[in-house]
Amino acid sequence: GENGTLMKKRIELIKPIQTKVFAAIEKYAKANGYDLVLDKASNATMLYCSEAVDHTQKIIELLK
């Protein structure tokens, strides 16, 4: 369940990674003057996204 040992361990392991990723996204967005960043992986209503506006690889490079 939500408060079970497995869930607590998962949160413990994932939280630092999420924090680092979100910080990199925010840094990239501010440096490039973006007001909005969308997660196309979890947005079921996004019908199309041009590769020209996909900055995923640039964010990955920031995390290295």
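Student: Where does Arg 10 lie?

Tutor: Before anything else, keep in mind that this is a predicted model. Two helices and zero strands make up the secondary structure of the protein chain. As for Arg 10, its place is in helix 1.

Student: Is Arg 10 buried or exposed?

Tutor: Let's go by the cut-off: a residue is exposed when its relative accessible area is over 50%. Arg 10 comes out at 52% relative accessibility, so it counts as exposed.

Student: How many Å apart in space are Arg 10 and Glu 26?

Tutor: Start with the sequence, where Arg 10 and Glu 26 are 16 residues apart. In space, going from C-alpha to C-alpha, the gap between Arg 10 and Glu 26 is 24 Å.

Student: Which residue forms a salt bridge with Lys 30?

Tutor: Look in helix 1, where Lys 30 has a partner four residues apart from it, about one turn of the helix. The closest N and O atoms of the pair are 2.8 Å apart. Lys 30 itself is exposed, at 62% relative accessible area, while its partner is partly exposed, at 43%. That partner is Glu 26.

Student: What is the N to O distance in the salt bridge of Lys 9 and Glu 12?

Tutor: These two also sit in helix 1: Lys 9 and Glu 12 are three residues apart there, about one turn of the helix. Lys 9 is partly exposed, with a relative accessible area of 41%. The side chains of Lys 9 and Glu 12 meet with an N to O distance of 3.4 Å.

Student: Which residue does Glu 61 form a salt bridge with?

Tutor: Glu 61 is partly exposed, with a relative accessible area of 44%. Its partner counts as exposed, at 71% relative accessibility. The closest N and O atoms of the two are 3.3 Å apart, and the partner is Lys 64.

Student: How many salt bridges are there in the whole structure?

Tutor: You've now met some of them, including the one between Lys 30 and Glu 26. A search of the whole structure gives a total of four.

Student: Which element gives the largest share of the lining of the largest pocket?

Tutor: The largest pocket holds about 650 Å³ of space. It is lined by 20 residues, and the closest to its centre are Val 37, Leu 38, Asp 39, His 55 and Thr 56. Helix 1 (5-31) and helix 2 (56-63) are the elements that give two or more residues to the lining. The largest share, five residues, comes from helix 1.

Student: How many residues of that pocket lining are nonpolar?

Tutor: Sort the lining of the largest pocket by type. Two of its residues are polar and three are charged, and the nonpolar ones number 15.

Student: Is His 55 buried or exposed?

Tutor: His 55 is in the loop between helix 1 and helix 2. Leaving aside residues up to four places away in sequence, it touches Tyr 28 and Tyr 34. Buried means under 20% relative accessible area. His 55 has 19%, so it is buried.

Student: What share of the residues of the protein chain counts as buried, and what is its radius of gyration?

Tutor: The C-alpha atoms fill a box of roughly 40 × 30 × 20 Å along the principal axes. Of the 64 residues, the share that counts as buried is 8%. The globule rule gives 11 Å for 64 residues, and the chain is well over that, so it is more spread out than a compact globule: its radius of gyration is 15 Å.

Methods: Residues numbered from 1 in each chain as written. Predicted model: local features only at pLDDT ≥ 70, side-chain atom pairs only at ≥ 80, totals over all residues. Heavy atoms only, no water. 1 Å grid on protein atoms, 1.4 Å probe; cavity = no way out; pocket = protein on both sides within 12 Å on 5 of 7 lines; lining within 4 Å. Points joined across faces, edges and corners; volume = space filled by probe spheres on them. Nonpolar A, V, L, I, M, F, W, Y, C, P; charged D, E, K, R; others polar. Buried < 20%, exposed > 50% of the residue type's maximum accessible area, 1.4 Å probe, protein only. Contact = heavy atoms within 4.5 Å. Rg over C-alpha atoms; globule rule 2.2 N^0.38 Å.
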